[in-house]
There are 2 protein chains.
Amino acid sequence: MKNKKGKLSVVLLSGGLDSATVLYLAKAKGYRCCCLIFDYGQLHKKEIYQAVKIAKAAGCVYKILKITFPWKGSALLDRKIKISEKIMRRAPATYVPARNIIFLSFAASFAETIGAKAVFIGAHSQDYSGYPDCRRKFLNIFNKMVQAGTYAGPKILAPLLRKNKSQIISMGRKLGVPFALTWSCYRGGKTPCAKCDSCYYRAKGFKEAGLVDPLMKR
Amino acid sequence: MKNKKGKLSVVLLSGGLDSATVLYLAKAKGYRCCCLIFDYGQLHKKEIYQAVKIAKAAGCVYKILKITFPWKGSALLDRKIKISEKIMRRAPATYVPARNIIFLSFAASFAETIGAKAVFIGAHSQDYSGYPDCRRKFLNIFNKMVQAGTYAGPKILAPLLRKNKSQIISMGRKLGVPFALTWSCYRGGKTPCAKCDSCYYRAKGFKEAGLVDPLMKR
């Protein structure tokens, strides 16, 4: 950690613009941030490389943790499932069962071990596909669970929970988030596909914020 | 799964006698069991091989999931930490930060994906070292968290929660648990060390149950 002062925190960093904004927000609030990046078998591996670039740009240490979901069950993990398909009755195809629960659990373990009191996550209430593990209710109970199930009880903080995409982009701009390094597209091509849910909401967010997405400049 | 009838479940199997008893109990209750075994960097790797033998003896399918705790922070993961040391203010050295939270999170993901309604864990209220992630309070909140954070909301069941070690051994004997295949020692030697906490409580349990531990026969 380059900044020796400040409270220690773990920041879940996906490579997307929400978590990048949270990282810059945590830094602005005086936290020393250890970024936790997951290589979980996602087909859009590009987001991992982008997450590393974002951590470096922010001057923060990072750790890439490799985990697997051998049972797959998501379009993000299995080429046989189409991104637009519904695989469970109510779940979008891009839902990875219990993914955030697992990410936050590892982050809590990391935080407890290094003595960090806070874990930051970029979930927001309007998380486009309505994943249950992004909702306020879930995060509240997760927090209580960590208090009960660990000695140190690090706190899970989701400062974007009340924000929508355009508000996050406006906030990120003020904080100096390097949007050109962020990656949202579920298809990890050279350029964003501009078709998947994630691309759609990113484009909508930039438009509503009155800004140009540096990834879409020609 | 050899038994095609019965409700599907995921059973966390460690290789110890508690989880083996839970597996046999779940089977006796008519569940089809998919065992989930973790290779999490534990120094006593022997328990993994024993868990596989137990799953096979029970006629159940199993999956070994490799995960890592690169931040270590436990005597079970780091040879530099003595098993008897206290590393955090209140935590025993064998406590692995948030380990059960992570195990149960993966089990919930597995269960949701395969459509299993139940996840079994061998936690018991007297879990010798007082790990916070074995307590009733924690498991209750974890259950609520899974209901809030997944679509399918598999239920976490800990049928040994009110039992002590000798009661578990008595129960396991009636269920036909192959105790000779179970492994409890934190030191993964050829024979149990007979010195660590885990060996101590196993020996005490067998004695109180009026049974002979097949591992200790000479």
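This dialogue reads the sheet, a helix pair and the chain contact of a predicted model.

Student: How do I read the sheet in chain B, and in what order do the strands come?

Tutor: Start with the general idea. Strands of a sheet pair through backbone hydrogen bonds, either parallel or antiparallel. Here the sheet of chain B is open and has 5 strands. Their order is S3-S2-S1-S4-S5, and the pairing is parallel.

Student: Which strands stand at the edges?

Tutor: Strand S3 (61-66) and strand S5 (155-157) of chain B do. Each has a single partner strand, so one side of each lacks a neighbour in the sheet. As for twist, neighbouring strands are turned by 25° against each other on average, direction ignored.

Student: Take one pair. How many bridges join S1 and S2 of chain B?

Tutor: There are 5 bridges, in the parallel sense, between S1 (residues 8-12) and S2 (residues 32-39) of chain B. To find the register, look at B:Leu8, which stands opposite B:Arg32 in S2(B).

Student: What does helix H2 of chain B touch on the sheet?

Tutor: H2 (residues 46-57) of chain B touches S2 and S3 of chain B. The direction of H2 makes about 170° with that of S2(B).

Student: How do I describe two helices that pack?

Tutor: Two packed helices are described by the angle between their axes and the distance between the axes. Try H5 (residues 165-175) and H6 (residues 197-208) of chain B. Their angle is about 65°, and their axes are 8 Å apart.

Student: Is the crossing of H5(B) and H6(B) left-handed or right-handed?

Tutor: H5(B) passes H6(B) in a right-handed crossing.

Student: Which residues of H5(B) and H6(B) meet?

Tutor: H5(B) brings B:Lys165, B:Ser166, B:Ile168 and B:Ile169. H6(B) answers with B:Tyr201, B:Lys204, B:Gly205, B:Phe206 and B:Glu208. By class, this contact has 4 nonpolar, 2 polar and 3 charged residues.

Student: Now the two chains. By what turn can chain A be laid on chain B?

Tutor: A turn of 180°, with a shift of 0.0 Å along the axis, and the RMSD is 0.0 Å. That is the relation of a two-fold axis. The same surface serves both copies, as 100% of the contact residues of chain A recur in chain B.

Student: How many residues of chain A are in contact with chain B?

Tutor: 35 residues of chain A are in contact with 35 residues of chain B. On the chain A side, strand S3 (61-66), helix H3 (99-114) and helix H4 (136-149) each supply at least two residues.

Student: Which element of chain A gives the most to that side?

Tutor: H3(A), with 11 residues. The residues on the chain A side divide into 22 nonpolar, 7 polar and 6 charged.

Technical notes. Residues are numbered from 1 along each chain as its sequence is written. Chains are lettered from A and ligands numbered from 1 in the order in which they are written. This is a predicted model: local features need pLDDT of at least 70, side-chain atom pairs count only at pLDDT 80 or more; totals for chains, interfaces and linings use all residues. Two strands pair if DSSP finds at least two bridges between them. Helices (H or I, at least four residues) and strands (E, at least two) are DSSP runs, numbered from the N terminus. Axes are lines fitted to C-alpha atoms, for helices over the stretch in contact, and angles run from 0 to 180 degrees between N-to-C directions. Two residues are in contact if their C-beta atoms, placed from the backbone, lie within 7 Å. A crossing is left-handed if the near helix is turned anticlockwise from the far one by less than a right angle, and right-handed if clockwise. Ala, Val, Leu, Ile, Met, Phe, Trp, Tyr, Cys and Pro count as nonpolar, Asp, Glu, Lys and Arg as charged, and the others, Gly among them, as polar. Copies are superposed by least squares on the C-alpha atoms of residues with pLDDT of at least 70 in both.
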